[in-house]
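Hi,

Here is the structure I said I would pass on. Have a look at it first, and then read my notes below.

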Amino acid sequence: MISVPTSSRASAARTNPLRRVMTHTITFRILSVITVLGAWEYAGRRPISASFPSFSETFAAGWEMAADGSLSAALMITIVPLVIGITMSAIAGVAAGIYMGLDRRAEWVGVPVFIVMQAAPLAALIPLLVLAYGVGLATKVTVVCIMAVPAIVLNSFKAIRHAPVSLVEMGESFLGSREQVIGKIILPAASPVIFAGLRLGLASGFIGVILAELLISPTGIGDLITYHQSIAEYPKMFAAIAVVILLSVLFMEALERIEITLFRPEKRAQ
Amino acid sequence: MTATVVHAPGFQRSLGTMVSVRSVSKVYPGGVEALNEISLDFPKGQLTTLLGPSGCGKTTLLKIIAGLLPATSGEVMVDGMRVEGPGPERAFVFQDFALLPWATVLRNVAFGLELRGVPVAERESIAEHYIGQVGLKGFEKHYPHALSGGMRQRVGLARALAVKAEVVLMDEPFSAVDEQTRRKFQEDMLELIKNEQKTFIFVTHSIEEAVYVSNRIILLSRRPSRVMRIIEPDMPRGITPDQIRRHPAYLDAVEMIWQALKQYLD
């Protein structure tokens, strides 16, 4: 029997409560938000431009739009194509990326297509999509997919391809079958990069849906932005933009929660 | 007045051979010749060390024995069976530990058994036993990132022992572990080896480590690797680790190996 010093086991330092609050990550996050909003308020009050409202004006305008129901109505219109597009892109994109990561021939056929897709200026394709699908839901969903898929596919592909060689070797040396090595080693090892791709895809999907609403049919949040800009209601326009950003951050956060719950128990334990 | 036995490269032990390497050569794609016609026998129940200048193909030979790399020519026999790939009678301890970062110590140690389809309760009780053996009792629910390098390699060792393989292959297991932890770990390993009647094959580039832990040291020449010399440090077992480090046989063996390897440094 061998013994290991136990000092590291009881390393949880007991510090005083004030010190713990001051060094907690949440404290710093709140501090970061306050700094940004404070700078915004200051810039809006100076003012740096007649069309740039302060944070308080924007917040009030946002509150007003939330109260009269125009915000939630616009949000619903924007979220539906976004959620449909992102869900489709996530499922198909992750599957395609994993397949290309595991199979060289699929890689040779598939990867160039997605690299071209990622490089192409997709806004230029929108008139073509309008011709094909009109100005309805289908076009918006397609734009979201086109924007989101390349990042999701390419990241999933790279994640699989860069799974640590020594872990795969370990699985093989302990007699794991190909299925076991993929399921128990390669996929969990790839999950952080796959989820990074999903977050990038989600951000691109947001760009896609707003782009569609600005360029194709003035609906949803895109309509709120263009309409309030045209009548010079800048606080409301900025409130609409802020809501899009907030929504995007919430989606990202949700995605991270899903990742940690499903694949990263060691982060949960921290 | 040395008690250390030195054999010519052609020396073969006929009795109780566990692993037999026969004329193994390895040429990597691109033409790098790592091993050239290596023939070696590894006696049963002993710890044999492969020692040589860095980049000499020690790890390549170990991975060929493990079945993780195919040999270009020649063959490896383990307990009379030809090696075609990894097998249940061999277990590997990795230089970089190769632990699953998302799995607890318990699951990592039991992972070899998990891949073999051993039921949860059974594999966890086996894993718990070996976690105790390597001195990690109480760390079952910890994740690898919370452990020091030395403790992580103890997990790697426990995982190799848990599958009850007869041959344990260790690829520079202490190279990523700091010097002080390494000494303690070496002492613990000698203790473990005494209890586990297994054949250990150990790769290292540390001369002191090789002499300290081995029954038998195989000196390999620079690439393409050939067997240069076989040394059996004849140390009285059962003396304390500190006595071993001061024993004339230990010091002589270290000096002899150093003289032999010095020519490869330039």
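Let's begin with a pairing in chain B: which residue of β3(B) does Val24(B) stand opposite? The partner is Ile38(B). Keep in mind as you look that this is a predicted model.

That pair belongs to an antiparallel arrangement of β2 (residues 17–27) and β3 (residues 33–43) of chain B, which are joined over seven bridges. The two strands form a hairpin with five residues between them, and Gly30(B) has a positive phi there, near 105 degrees.

Next, the place where the chains meet. On the chain A side, 22 residues are in contact with 26 residues of chain B. Three helices of chain A each supply at least two residues to the side that touches chain B: α8 (165–173), α9 (178–215) and α12 (265–268). Of the elements, α8(A) gives the most, with seven residues. By type, this side of chain A has 11 nonpolar residues, six polar ones and five charged ones.

Now for how far to trust chain A. The average pLDDT of chain A is 87, and 94% of the residues score at least 70. Among the elements of chain A, α8(A) has the highest mean pLDDT, at 94, while α12(A) has the lowest, at 75. One stretch of chain A to watch is residues 5–13, where the pLDDT is below 50. Beyond near neighbours in sequence, residues 5–13 of chain A have one contact in the model. Predicted coordinates should not be read in detail where pLDDT is low.

Cheers

Key. Residues are numbered from 1 along each chain as its sequence is written. Chains are lettered from A and ligands numbered from 1 in the order in which they are written. This is a predicted model: local features need pLDDT of at least 70, side-chain atom pairs count only at pLDDT 80 or more; totals for chains, interfaces and linings use all residues. Two residues are in contact if their C-beta atoms, placed from the backbone, lie within 7 Å. Helices (H or I, at least four residues) and strands (E, at least two) are DSSP runs, numbered from the N terminus. Ala, Val, Leu, Ile, Met, Phe, Trp, Tyr, Cys and Pro count as nonpolar, Asp, Glu, Lys and Arg as charged, and the others, Gly among them, as polar. Two strands pair if DSSP finds at least two bridges between them. pLDDT is the predictor's confidence in each residue, from 0 to 100.
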